[in-house]
Every structure is written in structure tokens, then in C-alpha cells.
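The following note sets out several points for a colleague who is reviewing this model. The points may be read alongside the sequence and the coordinates.

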Amino acid sequence: MRILVVTVVHHPEDARILHRQIAALTGRGHRVVYAAPFADRGVTPRSDVEGVDLPRAVGRDRRTALRAVRTLLAERGPEMDVVLLHDPELLLALPGTLRGWRRGGRGPVTVWDVHEDTAAALVMKPWLPQMLRPPLRLAVRAAEHLAERHLRLLLAEDAYQARFRRPHPVVPNLVYVPVEQPRPPGPDEVVYLGHLSRARGALDLVETARLLRPDIRVVAIGAADPDVRDALTEADRRGVLRWYGYLPNDLALARLSGALAGLSLLHDQPNYRHSRPTKVVEYMAHGVPVVTTPTPLAADLVRRHGCGLVVPYGDPAAAAEAVRRLRADRELRRGAARRGRTAALAELDWSDKAGEFAAWLEIWTKEAADARAERGLRTPLRTH
């Protein structure tokens, strides 16, 4: 198949998009064109995909990015079998595009990969005025129902089904579980992997690191929102923690093995209540005990598999105490690491889902081709 993958929001090396989905497609011999904000992020496209640079959508003004996407879809869409969209903003680029494809008699199967609860995520956007949030939530729900009528949907979580009228395939946000056995968790380094923001507990992370000094060091890996960068930079400068910023996926994951614990300090936000934090699954896959706040899916994983400790929301002292408990009890941390990795191998390995993800796109493409062929057979011959 010829597949156009599009994002203007996510980092071009986003693990779900590039390292899991695109890798699954190229691994089955499909040709992928990947359109993303490469230049803005200082990233060079991989050699096995054709890269198309797009403006990055950030803050309130997303018109430049959407115009670029409309142009791209008009020019390249008709030659594709599938267009795979990764941002809800991209739905705004579709109405005229879909009409143009229909007039041309052939359009690609268009798929929206639903990563999050978009309406719930709006309340967490610092650039969005408070007064606009309620009407925008309603508009988002209306757009989702419209998308359901005209597109194919893939969902990242089972809980997202409740937002839609029809069932849709779920391709969960799993991870590649490394084949090689990770190092046992050590006694002196804690890791945080993922984007850093207030709602994701960035300031709690800084305070937790301060409480753990000097016996235990905290390493943070991930890009950060503007309103927490100064705090992270200052904490790094003062030696409270080590903040690496964004690292490519392979380099970031290489820092996990052997860590005393992996932190997930999400706040109690609507968008997090139905999502399984990928960082928690990454920690489990790499044999790292988990310390997490009680977001439902993360807490369920940790308690069900006995792979870490659950601490209250917004409580750095409790997080630091959990880390110290793991440090003091070698058998507790090694048992948590072992059980987490065993569960990841059994239930959370993307290798078991990669083929299913690609198969949905293949099935939908075949259905579209069959429908076009049937319409062609039904078209009466014209006589002159």
C-alpha cells in the first residue's frame, strides 16, 4: 500500500507514530510518506520513508500548518491508498479535501488515530482562554461524530469507545519489550521518561528530586512546556536533578535499564483518567519498578501485577518516601521489576499488535477497492 502519515503536533520521532506504527507498515513492505514538522524539530527523516516537512502547529494560531496540510492532501492524497491522521486539528483540513477526492472519483481510505480524549485535553491547554473551553468541548464532540461518519477510526484506549456511536478497532499504546534481559534495578538513580508539564507533575518531580538528594539522583528525559522549563533548567543547574530534554526514542529507553524506579506523577485530570501512561509500560518492559500517582489505568497495572507503588496526587514527599522504600528493600524492588517485566512480555508487547494494526489498514483498503469495483459494475454503459 501507499500510505501518507500526517502530524503537525507530535514530534516526528514520536514512539507510537514512527517507532511502532510506521515501523510495522514498512516491515510489511508498504511504502510510507511521512509528513511532520521535521525542520522545526531539527529531525532528519528516516531513510526507509519519504519525509515531507510541515509547519508545526503550536499555540493558538494553527492556520499555517492546516493550510500546508490541505495543500499536501490535495497534491498527494489521490495517489495514496491510505491517509493516516494523528492530530484532531487535522480534521479541520478535511471537508473540502474529501469533496475534491469524491469529485475525482477516487480518494484514499482516511483514518484518524485517536490518541487522547480531545475534549478533556482542552482544559489543560494554557494558551486556550477559559471562556472558550466549554463551547470548544461541544465543538470537538460534534467534530468527532462527524469524523465517525466519514472516516475510519483507530482508538488508542478501550475507554475511548464511549465517545463514539459505533465500535471501532482499538490499537493500544503498547511498547516493544526488549528481548535482552535488563539489568536489575540499582540503588541510586530514579528516572522520569516523557513530556514534562504541570499536569504531568513536572514541578512535583523537581520537589521529589530535592527530597531525595543527595543519596538518590533523579534523571528526567523529555521535552517540556514553556511554563516549567525555567524550573527544570534551574533544578538542573543546581544539581537537584539531571534534565536531558528530548532524546530520540532509542537513547531515551537506553537510560531505563538498571534504574531504582521510574516515576509517573500525573495529576488528576480528565484526559488521564481513561489513558494508560506509556511511560509506566516502558518502565515495566525494561524491568524498572514503578512509582505512580493513582490515575486509574496506571494504578490498576501496578496493583494487579505488583510492579511498584502507588502514591497520592501532588505529594512529592510520598513519592520520595516510596523511592526510599524501594531503595531500602532489595527484594521489594527486584520483585517489582521482575513482575513488571513478566506482565509486559505477556500482555503489553507491541510486537503482538503490530500485525493487527497494519491488517486493519489493509482490510479497509481492500474494502474500498471492492466497493469501487462494484460501483463500476453498476454504472450503465452510455450509448452514442
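1. Y34 is buried in this predicted model, its relative accessible area being 1%. Since the threshold for burial is a relative accessible area under 20%, the assignment follows directly from that value. The neighbouring aromatic residue to consider with it is F38, which also counts as buried, at 5% relative accessibility.

2. The count of aromatic pairs comes to 3. One of these is formed by Y34 and F38: the ring centres are 5.5 Å apart and the planes stand at 85°, so the pair is edge-to-face. W350 and F357 form another aromatic pair, described as tilted, with 6.1 Å from centre to centre and 45° between the planes. Both partners of that pair are enclosed: W350 counts as buried at 1% relative accessibility, and F357 counts as buried at 0%.

3. In soluble globular proteins, nonpolar side chains tend to be buried together. Here the largest nonpolar core holds 80 residues, and the members that touch the most others are Y34, L205, M284, F357 and L361. A second core, separate from it, has 32 residues, among them A35, L72, V83 and A147. Y34 thus belongs to the largest core, whereas A35 is listed in the second one.

4. Which residues does L361 touch, not counting those up to four places away in sequence? The contacts of L361 are with M1, I3, L25, V82, V111 and L154.

5. The sheet is open and consists of 6 strands with parallel pairing, in the order β3-β2-β1-β4-β5-β6. Its edges are taken by β3 (50-53) and β6 (152-155); each has a single partner strand, so one side of each is left without a neighbour in the sheet. From one strand to the next, the twist averages 20°.

6. β1 (residues 2-6) and β2 (residues 31-36) pair in the parallel sense over 5 bridges. Two of the partnerships may be named: L4 is bridged to V33 of β2, and V6 is bridged to A35 of β2. Of the 5 residues of β1, 4 are buried, so this strand is largely enclosed by the rest of the structure.

7. Two helices that pack on the sheet deserve mention. Helix α1 (residues 15-27) touches β1, β2, β4 (82-85), β5 (109-114) and β6, and its direction makes about 160° with that of β2. Helix α3 (residues 63-76) packs on the sheet through β1, β2, β3 and β4, and its direction makes about 175° with that of β1.

8. Is S197 buried or exposed? S197 has a relative accessible area of 7% and is therefore buried, although its place is in a loop, between β7 (189-193) and α7 (202-212). Its side chain reaches the backbone nitrogen of R200 at 3.1 Å. Leaving aside neighbours within four places in sequence, S197 is in contact with A202, D225, V228 and Y272. The C-alpha atoms of S197 and D227 are separated by 7.7 Å, the two residues being 30 residues apart along the chain.

Key
Residues numbered from 1 in each chain as written. Predicted model: local features only at pLDDT ≥ 70, side-chain atom pairs only at ≥ 80, totals over all residues. Heavy atoms only, no water. Buried < 20%, exposed > 50% of the residue type's maximum accessible area, 1.4 Å probe, protein only. Contact = heavy atoms within 4.5 Å. Polar contact = N/O pair within 3.5 Å; in protein donor to acceptor, adjacent residues only side chain to side chain. Core = buried A, V, L, I, M, F, W, Y, C linked by side-chain atoms within 4.5 Å. Pairing = 2+ DSSP bridges. Axes fitted to C-alpha atoms, helices over the stretch in contact; angles between N-to-C directions. Phe/Tyr/Trp six-rings, centres within 6.5 Å; stacked < 30°, edge-to-face > 60°.
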